[in-house]
Amino acid sequence: MWQPKDLVLVAISLCVLACTVAGDGGGRPLVTAVTRDATSLYTIPVKSSRPLPLVLDLSGPIVWSTCDGGASHDTLECNNMDCMRAHRFHPPNCQHTGYGMPDAHNPYRCKCTAHPHNPVSGDTASGDMTRVTLSANATDGRNPLGPVSFTAVTSCALDSLLAGLPVGAVGVAGLARSGLAFPAQVSRTQGVANSFALCLPSGQGNGVAIFGGGPLFAANGRSITELLGSRTPLRKHGESPGYYISASRGIAVDGARVPLDSYAPLTIGFSTTIPYAELRHDVYRPLINAFDQAMERQGAITTGARVPSPAAAPFELCYNSSRLSPTRFGYFVPTVELMLEGGRNWTVFGINSMAQVNRATACFAFVEMKAGDKSCVAAPAVVLGGFQMQQNLLMFDEEKQTLGFTGQLTGRGLSCGHFNFTMPA
Ligand SMILES: *[C@@H]1O[C@H](CO)[C@@H](O)[C@H](O)[C@H]1NC(C)=O
Ligand SMILES: *[C@@H]1O[C@H](CO)[C@@H](O)[C@H](O)[C@H]1NC(C)=O
Ligand SMILES: *[C@@H]1O[C@H](CO)[C@@H](O)[C@H](O)[C@H]1NC(C)=O
Ligand SMILES: *[C@@H]1O[C@H](CO)[C@@H](O)[C@H](O)[C@H]1NC(C)=O
């Protein structure tokens with residue numbers, strides 16, 4: 001006689017079967033430590049099996065690295081699918097030079113070239129598209145489970161293109177919304193989702209990135225990905241392959257909407273290669289004024305807290321930090337809220353808004369964007385930098401075209417450094 005509990009058992013076995021099958025069709029996500037250097041650039045160790053660090057670039061459409069031994073690498077043919085992918089995007093100020101160049105030895109064979117771009121120096125070069133071995137650990141979201149190597153399509157570059165990158169870095173891992181970016185290549189080779197979780201560290205310690213979606217747990221067993229909340233749609237901005245969302249309801253400081261010239265939705269971008277948030281001129285001045293006034297209203301710090309900031313360029317608003325109260329969210333200062341499409345707020349507390357420039361001084365870490373190059377598309381209103389993203393888990397999901405974020409982790413007793421990097425015995 002069938003009992004309801006048998007049905008439950010059957011259902012469980014079916015699920016186990018189905019889950020196993022799905023698990024076999026897809027591999028496991030890959031995890032890497034994220035290290036921050038003194039210039040606020042972030043690297044992940046994934047090049048070759050040693051493994052050597054590549055710089056993270058949220059706006060980079062390809063992966064590039066220096067090629068050993070000059071001509072010893074093999075080069076993709078121009079009609080290769082990945083060659084065409086590489087040419088869908090070309091860096092700022094770079095001419096579209098076609099899919100490749102005739103091979104010097106055999107003019108009838110065309111070799112694939114790409115345009116590796118250094119996001120720090122702004123330099124762009126030409127390099128052969130080749131294949132290299134990258135590696136990282138598989139993960140269940142709790143620990144690294146052992147190294148996985150895979151072949152990736154990358155562009156070669158000369159050592160000179162490394163100028164301005166952290167010492168030891170051998171190239172750039174582009175994370176943008178392109179088929180040749182690092183997350184897309186992990187997705188194809190490992191059979192995992194084209195989505196990645198990025199948790200940038202604030203100080204000396206490591207942060208963590210998981211390619212292939214979640215989950216992500218802290219070493220104490222708490223799920224960090226569970227805190228992601230409802231997702232915000234990703235938007236396009238001109239031709240850029242980077243990540244953008246829309247603050248359709250503007251910006252607020254301490255609960256009051258910042259008055260702007262126009263109430264059109266504001267485009268918010270993300271960059272791992274600028275240290276601090278950059279604001280377009282028409283947004284910068286009103287936000288600085290609103291923050292300054294909100295600081296004045298905040299009783300305790302009215303007298304003598306504001307200090308001159310000539311030594312603190314590019315910051316304009318600096319404060320005597322011994323007059324600011326420290327909290328788990330950083331200094332107790334007015335919150336800046338980006339009121340996003342979809343209803344959520346991206347809330348910036350002191351830990352992501354006040355940069356300690358020396359022992360005595362903390363400054364409001366939003367800077368004015370330099371007048372942009374004359375492209376047809378207006379600059380985004382805000383580009384959040386590493387300082388604004390640190391200690392916040394971001395989930396960039398290219399498949400669902402959404403961004404998830406947990407908000408400030410430190411206030412919940414968590415941190416981007418809480419992933420357990422010890423491999424189980
Ligand atoms: C895998 O994780 C272990 C332990 O954290 C680490 O020592 C090793 O370098 C990692 N391997 C790769 C390829 O990242
Ligand atoms: C977003 O911030 C505004 C301004 O502080 C506030 O009025 C609104 O309730 C917030 N929305 C959410 C979902 O927290
Ligand atoms: C900062 O505030 C402290 C405590 O109120 C005071 O002793 C110190 O002189 C101030 N420093 C500056 C540079 O104003
Ligand atoms: C980290 O993981 C290892 C391997 O599973 C385990 O032995 C260790 O207790 C964990 N550390 C913490 C702090 O939970």
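In this predicted model, a polar side-chain atom of Ser-322 sits 3.1 Å from an oxygen atom of ligand 3. Ser-322 has company there, for the residues around ligand 3 are Asn-320, Ser-322 and Arg-323. The side chain of Asn-320 brings an N or O atom to 2.3 Å from an oxygen atom of the ligand. For Arg-323, an N or O atom of the side chain and an oxygen atom of ligand 3 are 3.3 Å apart. On its own, ligand 3 has 360 Å² of accessible area, and the protein covers 35% of it.

Asn-320 also leads to the next part of the picture, since strand S20 spans residues 318-320. This strand belongs to an open sheet of four strands, whose order is S19-S20-S26-S25 and whose pairing is antiparallel. The edges of the sheet are taken by strand S19 (306-307) and strand S25 (354-358); each has a single partner strand, so one side of each lacks a neighbour in the sheet. Two bridges hold the antiparallel pair of S19 and S20, and within this pair Val-307 faces Cys-318 of S20. As a reminder for newcomers, strands of a sheet pair through backbone hydrogen bonds, in either a parallel or an antiparallel way.

A second open sheet is built from six strands, and its pairing is mixed. Reading across it, the order is S13-S14-S17-S28-S18-S27. Strand S13 (235-237) and strand S27 (366-368) are the edge strands, each pairing on one side only. From one strand to the next, the twist averages 35 degrees. At the S13 edge, two bridges connect S13 with strand S14 (residues 240-247), and the two run antiparallel. Here His-237 stands across from Ser-240 in S14. The sheet also carries a helix: H4 (residues 281-297) packs on it and touches strand S17 (266-270), strand S18 (277-279) and S27. The direction of H4 makes about 135 degrees with that of S27.

Attention now turns to ligand 1. Its surroundings consist of Ser-135, Ala-136, Asn-137, Pro-144, Pro-147, Phe-421 and Met-423. Two of these residues can be described by their polar atoms. In Asn-137, an N or O atom of the side chain is 2.3 Å from an oxygen atom of ligand 1. In Phe-421, by contrast, a backbone N or O atom takes that role, lying 2.6 Å from an oxygen atom of the ligand. Taken alone, ligand 1 exposes 360 Å², of which the protein buries 63%. Where in the fold does the shell around ligand 1 come from? Strand S7 (127-139) and strand S8 (144-157) each supply at least two of its residues, and S7 gives the largest share, with three residues. By character, the shell divides into five nonpolar and two polar residues, with no charged ones.

Ligand 4 is surrounded by Asn-143, Ala-219, Asn-420 and Pro-424. Both asparagines approach an oxygen atom of the ligand through their side chains: a polar atom of Asn-143 is 3.0 Å away, and an N or O atom of Asn-420 is 2.3 Å away. Ala-219 instead uses its backbone, with an N or O atom 3.5 Å from an oxygen atom of ligand 4. The protein buries 41% of the 360 Å² that ligand 4 exposes when taken alone. The shell around ligand 4 is made up of two nonpolar and two polar residues, and no charged residue is found in it.

Finally, two details of the backbone deserve a look. Most residues other than glycine have a negative phi, and most peptide bonds are trans. The bond that joins Gly-214 and Pro-215 is a cis peptide bond, with omega at about -5 degrees. Pro-215 is found in the loop between strand S11 (207-211) and strand S12 (232-233). The other detail concerns Gln-391, which is not a glycine and yet has a positive phi of about 55 degrees. Gln-391 is located in the loop between helix H6 (386-389) and strand S29 (392-397).

Key. Residues numbered from 1 in each chain as written. Chains lettered and ligands numbered in written order. Predicted model: local features only at pLDDT ≥ 70, side-chain atom pairs only at ≥ 80, totals over all residues. Heavy atoms only, no water. Near = heavy atom within 4 Å. Polar contact = N/O pair within 3.5 Å; in protein donor to acceptor, adjacent residues only side chain to side chain. Areas by Shrake-Rupley, 256 points an atom, 1.4 Å probe, with all protein chains shown as cover. Nonpolar A, V, L, I, M, F, W, Y, C, P; charged D, E, K, R; others polar. Pairing = 2+ DSSP bridges. Axes fitted to C-alpha atoms, helices over the stretch in contact; angles between N-to-C directions. Contact = heavy atoms within 4.5 Å.
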